[in-house]
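Please open the model in your viewer and keep the sequence beside it, so that each selection below can be followed in both. The tour moves from one selection to the next and says what is found at each stop.

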Amino acid sequence: MKIISVFEVQKLLPEEHVLIDVRSPGEFRSEHILHSENVPLDSIGAADFNEIPAKRIVLICQSGVRSRKAGEHLSNSIESEVYSVEGGLNAWKAAGYPTAKGQGSISIERQVRIGAGALVALFSVLGLTLHTGFVAVPIFIGCGLVFSGITDICGMGLILARAPWNR
């Protein structure tokens with residue numbers, strides 16, 4: 001698998017590649033690159049891609065993390081060349097390239113911030129008013145956020161991506 005920039009994606013001829021968005025269906029419906037296809041990360045398999053006649057498969061997500069994971073998974077199991085777009089949709093939009101916007105949906109990233117913030121606030125209040133043991137939950141969430149920042153793996157994001165409203 002090779003990491004490429006959004007500028008390199010623009011140079012590829014449409015006949016030579018297929019652009020696969022590995023974000024959740026809700027994120028894809030909210031905004032995506034024109035002519036991209038949605039195959040969520042949690043449902044990616046080699047069988048999905050062996051039928052694609054494209055010479056190159058270009059994977060994209062919101063920031064580049066999920067597309068790298070998908071690329072690592074696919075690169076050893078399919079014959080096409082596999083690429084991951086560095087910076088993902090965020091870099092695509094920052095470069096001024098067009099996107100298709102659909103019905104509004106809250107991104108997984110925002111859902112994580114809302115969920116983590118709500119849990120920290122709730123359990124902090126419970127820890128101050130009912131029992132100090134409730135303070136363990138905000139500490140756990142804080143540790144999870146630090147882990148996520150260091151490793152770029154977000155457990156809460158992976159769980160929320162499987163939630164019914166993100167399907």
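Which residues does Leu160 touch, not counting residues up to four places away in sequence? Select Leu160 and display its surroundings: with those sequence neighbours left aside, Leu160 touches Ile108, Gln111, Val112, Trp165 and Asn166. Please bear in mind from the start that this is a predicted model. Leu160 lies in helix H8, and because its relative accessibility is 15%, under the 20% limit, Leu160 counts as buried. If you add Gly115 to the selection, you will find a pair 45 residues apart in sequence whose C-alpha atoms are 9.5 Å apart in space.

**The whole chain**

Now zoom out and show the chain as a cartoon, in which eight helices and seven strands can be traced. Taken along the principal axes, the C-alpha atoms fill a box of roughly 65 × 30 × 25 Å. If you colour by burial, the buried residues make up 41% of the 167 residues in the chain. Of the contacts with a separation of 6 or more, 70% are accounted for by residues 24 or more positions apart. Turning on the surface shows an accessible area of about 9,400 Å², with 62% of that area belonging to carbon and sulfur atoms. A selection by charge gives 15 positive and 16 negative side chains, and the centres of these two sets lie 7 Å apart.

**Helix H6**

Next, select residues 108–129, which form helix H6. At 1.5 Å a residue, the 22 residues of H6 should span 32 Å, and its end C-alpha atoms are 31 Å apart, which agrees with that expectation. Within H6, show the side chains of the buried residues, which are Ile108, Gln111, Val112, Ala116, Phe123 and Gly127. When you look down the axis of H6, these buried residues fall within an arc of 120 degrees, so they line one face of the helix. The face of H6 turned away from that buried side carries the exposed residues Arg113, Ile114, Leu128 and Thr129.

What covers the buried residues of H6? The cover includes helix H2 (25–30), helix H4 (65–75), helix H7 (136–151) and helix H8 (155–161), and each of these can be added to the display in turn.

**Helix H7 and the residue after it**

From that list, move on to H7, whose 16 residues should span 22 Å at 1.5 Å a residue; its end C-alpha atoms are 22 Å apart, which agrees. The buried residues of H7 are Pro138, Ile141 and Ser148. Seen down the axis of H7, they fall within an arc of 80 degrees, so they too line one face of their helix. On the other side of H7, Ile139, Phe140, Val146 and Ile150 are exposed, while what covers the buried residues of H7 includes H6.

Just after H7, stop at Asp152, which takes a positive phi of about 65 degrees although Asp152 is not a glycine. This is worth a look because most residues other than glycine have a negative phi. Asp152 lies in the loop between H7 and H8, and at 41% relative accessibility Asp152 counts as partly exposed.

**The loop between E3 and E4**

Another positive phi, near 70 degrees, is found at His35, again a residue other than glycine. His35 lies in the loop between strand E3 (31–32) and E4. Is His35 buried or exposed? At 78% relative accessibility, His35 counts as exposed.

Ile33 also lies in the loop between E3 and E4, but at 3% relative accessibility Ile33 counts as buried. Not counting residues up to four places away in sequence, Ile33 touches Leu19, Ile60, Leu89 and Trp92. If you draw a distance from Ile33 to Glu72, which are 39 residues apart in sequence, the two C-alpha atoms are 22 Å apart in space.

**Last stop: Ser43**

Finally, select Ser43, whose place is in the loop between strand E4 (37–38) and helix H3 (46–50). At 40% relative accessibility, Ser43 counts as partly exposed. Ser43 and Ala70 are 27 residues apart in sequence, and from C-alpha to C-alpha they are 9.9 Å apart in space.

Methods. Residues numbered from 1 in each chain as written. Heavy atoms only, no water. Helix = DSSP H or I, 4+ residues; strand = E, 2+ residues; numbered from the N terminus. Expected span 1.5 Å × (residues − 1). Buried < 20%, exposed > 50% of the residue type's maximum accessible area, 1.4 Å probe, protein only. Arc of directions from axis to C-beta. Contact = heavy atoms within 4.5 Å. Areas by Shrake-Rupley, 256 points an atom, 1.4 Å probe, with all protein chains shown as cover. Lys, Arg positive; Asp, Glu negative; His and termini not counted. Charge placed at Lys NZ, Arg CZ, Asp CG, Glu CD.
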